[in-house]
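Please open the model in your viewer and keep the selection tool at hand. The tour moves from one selection to the next and says what is found at each stop.

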Amino acid sequence: MSLSVDTPQIGTTAAHAAVAAAVEHARTLGIAINVAVVDGSGTLMAFLRMNGAFLHSIDIAIDKAYTAASFGFPTSRWGGVIGDDELLRIGLNRRDRLVLFGGGLPIAEDGRRIGGIGVSGGSAVQDEACAAAGLAALGLAQP
């Protein structure tokens, strides 16, 4: 009996490539962002703050990546998950590090979650587009 398991995780080279692609897409949109990539356990692997990006958005980007990695779906889908359940909405909003709006995407390879990417600095739609550009740079499709 083995007491451990091998868990695939995003590598540093891929994490940095995703960050660079997200930043490049932000430049085409004319926005300044913070972008973070975490591994499957939510540990920060790569981060970049563009000049002029909002300081409060640093932690938001990291937490978007963490949320996407931990749940395995885009942070923009939380509205559909919560629906009209007011108690769930109130309860989830009290959870540290849980982001319920767009800009975070899970990173999966061969059907296995290996991390997440989070972007903050633009609108939720712009943030998600930058995160998707990060996935595309890795040859991955947006979930």
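Begin by selecting Val35, which touches Val19, Ala22, Val23, Ala46, Phe47, Leu48, Ala61, Ile117, Gly118 and Val119, leaving out residues up to four places away in sequence; contact here means heavy atoms within 4.5 Å. This is a predicted model, in which local features need pLDDT of at least 70 and side-chain atom pairs count only at pLDDT 80 or more, while totals for chains, interfaces and linings use all residues. Residues are numbered from 1 along each chain as its sequence is written, and side-chain values use heavy atoms, with hydrogens and water left out.

Next, add Ile33, Val37 and Ile117 to the selection: together with Val35, these touch the most other members of the largest nonpolar core, which has 22 residues. Such a core is a set of buried Ala, Val, Leu, Ile, Met, Phe, Trp, Tyr and Cys residues joined through side-chain atoms within 4.5 Å, where buried means under 20% relative accessible area, exposed over 50% and partly exposed in between, with a 1.4 Å probe and protein chains only. Two or more residues of this core come from each of helix H1 (12–29), strand E1 (34–39), strand E3 (104–109), strand E4 (112–120) and helix H5 (124–137); helices (H or I, at least four residues) and strands (E, at least two) are DSSP runs, numbered from the N terminus.

Now show the strands, four of which form an open antiparallel sheet in the order E2-E1-E4-E3; two strands pair if DSSP finds at least two bridges between them. E2 (44–49) and E3 are the edge strands, each pairing on one side only.

Select E1 with E4, which are joined by six bridges and run antiparallel, and look for Asn34 opposite Ser120 and Asp39 opposite Gly115. On E4 itself, seven of the nine residues are buried, so this strand is largely enclosed by the rest of the structure. Moving to E3, which also pairs with E4 over six bridges in the antiparallel sense, find Ala108 opposite Arg113, and then the hairpin of these two strands, where two residues lie between them and Asp110 takes a positive phi near 55°.

Finally, select helix H2 (residues 57–71), which lies across E1, E2, E3 and E4 and runs at about 155° to E4; axes are lines fitted to C-alpha atoms, for helices over the stretch in contact, and angles run from 0 to 180 degrees between N-to-C directions. Within H2, is Asp63 buried or exposed? Asp63 is buried, with a relative accessible area of 16%, and, apart from neighbours within four places in sequence, is in contact with Arg97 and Val99.
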